[in-house]
Amino acid sequence: MAVTITFPSKWVDAATLEKTLRTFPGPHESQDTNIEFVIPAGSKIMIDASTRLLSLLNQLEDTSKRVRLIFEEGETGVMGYLNRMGFFDNLDDRVDVKPPRPKYSGAEVYGGMNTGLVEIARIDHKKKDKALPTRLTDALRNGCKHRADVEELGGAAWTIFAELIDNIFSHSETKLDGYAALQVYKQGKTAKVAVSDSGLGIMETLRPALKQAAPKLAILPEVDLLVEIFRQGLSRHGNDRGCGLKGSAAKAVKFKAELDIRLPNSRVLLVPGLQGYRPNTAYSYSSLPLIWGTHICFTFPLTQAQSSG
Amino acid sequence: MNENSPVIRLAQFMDGSDEGWGREQGRAVYSRLLEFVESQPGVLVFKISLEGVRRIDISFASETVVELAKRFRGMKGFCFVDLVDPDMWENWEAAAVRKEQPIMLRTGATLRVLGPQPNQGLADALQFALKRAQTRAAEFADSVPKMSIANASSKFKQLWQMGFLLRQELSANSGGIEFSYYRIG
């Protein structure tokens with residue numbers, strides 16, 4: 001008996017990933033130990049969905065589920081792209097992949113040569129890659145070079161990535177690695193930067209402290225509390241440590257980036273408004289299948305819009 | 001108090017790196033800064049130079065100079081002397097706001113506060129104090145119609161407690177305790 005989760009044959013971003021997962025029994029919650037993910041021909045997995053999927057697959061193997069990933073188009077389809085992005089380099093060895101994983105890592109062979117992407121980088125708790133925020137920043141600046149404010153964007157971007165990645169080192173409490181990656185989508189005119197970890201998630205670390213310090217906030221539904229975290233910069237260690245996340249969001253909103261956050265059971269899409277981020281409720285969900293950790297993606301427009309949103 | 005204040009070149013405390021990233025590195029740098037400051041017991045004001053520091057994130061800012069200022073609030077003060085990069089400025093400010101710890105910034109003749117700003121009731125008193133190397137409550141009271149010395153004294157005391165000013169005890173003519181208030185930087 002296996003749970004089979006089939007992806008749609010289209011572009012799969014974070015929102016589509018959630019829609020897909022919601023239509024099947026949650027993989028973590030399922031009694032079945034065998035979980036199969038089927039990627040049909042025409043399925044194009046975007047970077048925000050890839051890092052979340054990667055985290056989910058590694059989490060499932062870590063909890064002794066037997067995981068299988070089936071690419072119906074073989075290496076010519078999205079499997080080739082994922083290889084180029086370093087997906088298989090970071091995938092738990094025990095995950096069964098059909099057809100068999102490529103022998104050579106596209107990321108290793110071509111890594112760093114395409115300035116429109118940053119291959120999935122492992123965020124290893126034992127060893128901080130000091131150059132990672134700079135690599136992501138350089139790739140973002142390159143992708144956004146037609147923006148008049150590209151210099152300001154570059155300055156802000158380094159702080160955003162540094163804060164998000166440092167949070168993984170400081171807050172995660174897990175032995176599973178985190179991931180960061182960037183992809184420019186020329187046709188969609190956006191650059192997506194995804195940072196994922198498989199730790200406890202912001203909520204789990206935050207709520208106990210909030211119960212004492214701000215009980216009214218502690219009982220808010222996850223989505224609402226999340227919006228407040230970004231508005232007020234709350235933190236489990238007292239207000240002074242929440243500044244990193246709020247600071248990142250405050251910088252990103254100036255460049256009209258969308259911010260999407262996936263937590264263990266919910267997802268919020270924050271869109272830039274006149275007074276900072278506001279939730280896009282149509283794309284914010286609660287009671288989602290469990291994915292451990294905190295998964296953040298900023299989507300930057302490659303060009304500056306003429307009018308404000 | 002501000003004359004001959006030593007300059008802390010932050011880059012020298014960053015172990016060869018020109019980038020300040022994150023809490024862990026921040027804490028390591030903080031220990032070195034703390035050791036240095038404690039080795040200068042008679043010094044009450046320190047200038048901070050960012051020469052050689054390419055960039056810092058908010059967490060690093062929070063764990064280093066801002067934490068240092070908070071640790072010594074009311075006893076010692078810290079003032080940036082060459083902060084020009086807009087991103088760095090924004091990050092120091094964000095960290096200072098979050099920790100509710102003001103840090104001074106000197107740009108030529110102008111001395112400004114990074115981080116939390118005093119409320120309206122205290123803003124005038126602070127501006128008065130920042131224009132002078134040192135001042136007393138009586139001087140501020142004299143400058144404002146119907147301001148009592150007690151009121152002026154209370155404002156300066158609050159500014160000192162919040163970290164905007166330093167102070168030293170004087171013996172008042174009346175035999176009571178009076179304070180001289182100093183700007184930082």
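1. Helix α2 of chain A and the parallel sheet. In this predicted model, helix α2 of chain A lies across strands β3 and β5 of chain A. The helix runs at about 145 degrees to β5(A). The strands that α2(A) crosses belong to an open sheet of four strands, arranged in the order β1-β3-β5-β6 (chain A), with parallel pairing. At the edges stand β1 (2-6) and β6 of chain A; each has a single partner strand, so one side of each is left without a neighbour in the sheet. From one strand to the next, the twist averages 15 degrees.

2. Pairing of β3 and β5 in chain A. Strand β3 of chain A covers residues 34-39 and is joined to β5(A) by six bridges, the two strands running parallel. Within this part of the sheet, A:E36 stands opposite A:R68 in β5(A).

3. The antiparallel sheet of chain A. Chain A also contains an open sheet of seven strands, whose order is β7-β8-β9-β13-β10-β11-β12 and whose pairing is antiparallel. Its edge strands are β7 (117-123) and β12 (276-279) of chain A, each of which pairs on one side only. On average, and with direction ignored, neighbouring strands of this sheet are turned by 15 degrees against each other. Helix α2 of chain A, residues 47-62, packs on this sheet as well, touching β7, β8 (178-185), β9 (190-197), β10 and β13 of chain A. The direction of α2(A) makes about 155 degrees with that of β8(A).

4. Pairing of β10 and β13 in chain A. Five bridges connect strand β10 (residues 258-262) of chain A with strand β13 (residues 294-301) of chain A, in the antiparallel sense. As an example of the register, A:I261 has A:I296 in β13(A) as its bridge partner.

5. Backbone features in the loops of chain A. Two loop positions merit inspection of the backbone. The peptide bond from A:K98 to A:P99 is cis, with omega near -5 degrees; A:P99 lies in the loop between β6 (96-98) and α5 (106-110) of chain A. A:S64 has a positive phi, near 70 degrees, although this residue is not a glycine. The position of A:S64 is in the loop between α2 and β5 (66-71) of chain A.

6. Surroundings of A:E75. Which residues does A:E75 touch, not counting residues up to four places away in sequence? The contacts are with A:G80, A:P99 and A:P102, and A:P99 is the residue that follows the cis peptide bond from A:K98. A:E75 itself is found in the loop between β5 and α3 (78-84) of chain A. The C-alpha atoms of A:E75 and A:E108 are separated by 17 Å, the two residues being 33 residues apart along the chain.

7. Extent of the interface between the chains. In the contact between the two chains, 20 residues of chain B meet 28 residues of chain A. Together the chains bury about 2000 Å², of which 47% is on carbon and sulfur atoms. Three residues, B:W21, B:R23 and B:R98, supply 45% of the area that chain B buries against chain A, more than any other three residues.

8. Polar and charged character of the interface. Three salt bridges are found across the interface of chain B and chain A. B:R23 forms a salt bridge with A:D166, in which the closest N and O atoms are 3.4 Å apart. Between chain B and chain A there are 12 residue pairs in polar contact. On the side of chain B that touches chain A, β2 (19-20), α1 (22-38), β4 (55-56), α2 (58-71) and α3 (86-98) of chain B each supply at least two residues. The residues of that side of chain B comprise four nonpolar, five polar and 11 charged.

How values were computed
Residues numbered from 1 in each chain as written. Chains lettered and ligands numbered in written order. Predicted model: local features only at pLDDT ≥ 70, side-chain atom pairs only at ≥ 80, totals over all residues. Heavy atoms only, no water. Pairing = 2+ DSSP bridges. Axes fitted to C-alpha atoms, helices over the stretch in contact; angles between N-to-C directions. Contact = heavy atoms within 4.5 Å. Buried area = accessible area lost by both parts, 1.4 Å probe. Salt bridge = Lys/Arg side-chain N within 4 Å of Asp/Glu carboxyl O. Polar contact = N/O pair within 3.5 Å; in protein donor to acceptor, adjacent residues only side chain to side chain. Nonpolar A, V, L, I, M, F, W, Y, C, P; charged D, E, K, R; others polar.
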